[in-house]
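Subject: Structure for your review

Hello,

Please find the structure below, with the sequence. My notes on it come after.

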Amino acid sequence: MRDGIRLRVVNPNTTRAMTDLIGRSARVVAGPGVTVEAVQPTTGPASIESHYEEALAAVGVLEQVRVGEVDGVDAYVVACFGDPGLDAARELAHGPVVGIAEAAFHAATLVARRFSVVTSLGRTVGRAHELLDRYGFAGACAGVHACEIPVLQIEAPGALDRVTAACRAAVEADDVDALVLGCAGMAGYTGRISDAVGVPVVDGVTAATTFAAALVRAGLRTSERSEYARPPTKAVPGLLQDFAVGPAGLTAVATG
């Protein structure tokens with residue numbers, strides 16, 4: 001491994017203010033020798049609050065992974081709680097790719113027996129349960145609660161108070177020992193909410209950043225033996241033709 005780690009944190013939506021927030025949160029915990037690049041797709045939804053938007057965002061994640069592979073990035077974080085495009089990104093990247101929901105669930109179980117999730121809108125609760133089941137953490141999660149704040153209003157005046165109130169209610173209702181914040185936009189709230197409700201509060205951006213850097217330091221990467229092997233070579237006609245994977249790997253990347 002060369003000196004230093006290049007970590008690309010991909011905000012799957014196209015809102016620059018959220019990308020900047022995510023980048024700041026990642027840099028706080030990245031540690032010495034880690035360069036954090038906070039990026040976003042060139043096209044896609046301004047926020048991700050539906051299955052439709054998540055599908056569109058997955059293409060943007062792959063766009064940024066393709067660029068990162070050409071640029072020599074060592075690891076990636078997918079910074080949306082739905083983990084859009086995570087499996088596909090692992091097929092493309094040579095280094096590890098960590099989703100913030102998966103990382104947050106892991107981190108919560110390292111500091112508490114049971115946890116609850118507080119997310120943005122009620123319509124995203126089902127996706128959180130889906131990921132808990134898939135990643136094997138359903139038994140450790142006592143509940144998923146929505147604060148009913150749209151993603152793009154997470155930093156609006158009064159939002160912190162509403163998120164904190166939802167977190168306090170979740171701790172009391174579920175009798176849990178830790179909380180997971182279910183939105184990358186909440187990344188800057190952990191310390192203040194933890195102080196207010198008295199339990200560890202896990203943010204997926206910082207958890208995923210820490211895990212991704214640790215995997216690189218440990219010399220670990222995604223296995224290419226079976227499911228995460230490179231995608232098969234085939235034509236991809238139409239709008240996504242630039243995403244075709246050839247025998248030598250990814251096609252040339254347009255970064256403009």
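The notes cover the pockets, the nonpolar core, one helix and a few single residues.

This is a predicted model, in which local features need pLDDT of at least 70 and side-chain atom pairs count only at pLDDT 80 or more, while totals for chains, interfaces and linings use all residues. Residues are numbered from 1 along each chain as its sequence is written, and side-chain values use heavy atoms, with hydrogens and water left out.

Pockets

The search ran on a 1 Å grid over the protein atoms alone; a pocket is an open set of points where a 1.4 Å probe fits, with protein on both sides within 12 Å along at least five of seven lines, and lining residues have an atom within 4 Å of a point. Grid points are joined across faces, edges and corners, and a volume is the space filled by probe spheres set on the points.

The largest pocket has a volume of about 330 Å³. It is lined by 25 residues, of which Ile48, Cys80, Phe81, Gly82 and Thr124 are the closest to its centre. Helix H2 (51-71) and helix H5 are the elements that give two or more residues to this lining, and H5 has the largest share, with three residues. Helices (H or I, at least four residues) and strands (E, at least two) are DSSP runs, numbered from the N terminus. By type, the lining of the largest pocket has eleven nonpolar, ten polar and four charged residues. Here Ala, Val, Leu, Ile, Met, Phe, Trp, Tyr, Cys and Pro count as nonpolar, Asp, Glu, Lys and Arg as charged, and the others, Gly among them, as polar.

The second largest pocket has a volume of about 250 Å³. Its lining consists of 14 residues, and Leu62, Leu92, Pro231, Phe243 and Val245 lie nearest its centre. H2 and H3 each supply at least two residues of that lining. Its residues divide into eleven nonpolar, no polar and three charged.

Core

The largest nonpolar core (buried Ala, Val, Leu, Ile, Met, Phe, Trp, Tyr and Cys residues joined through side-chain atoms within 4.5 Å) has 79 residues, of which Phe81, Phe105, Phe115, Leu179 and Val180 touch the most other members. H4 gives the most to this core, seven residues. Beyond four places in sequence, the contacts (heavy atoms within 4.5 Å) of Val180 include Phe81, Phe105, Phe115 and Val202.

Helix H5

Buried means under 20% relative accessible area, exposed over 50%, and partly exposed in between, with a 1.4 Å probe and protein chains only. In H5 (residues 125-135), the buried residues are Val125, Ala128, Leu131, Leu132 and Tyr135. Seen down the axis, they fall within an arc of 125°, so they line one face of the helix; the arc is that of the directions from the helix axis to the C-beta atoms. Their cover includes helix H3 (86-92), helix H4 (100-111), strand E5 (115-119) and strand E6 (141-146). Gly136, just after H5, takes a positive phi of about 90°.

Single residues

Two residues other than glycine also have a positive phi: Asp83, at about 50°, and Asp175, near 55°. Asp83 lies in the loop between strand E3 (75-78) and H3 and is buried, with a relative accessible area of 4%. Asp175 is in the loop between helix H6 (159-174) and strand E7 (178-182) and is exposed, at 65%.

Regards
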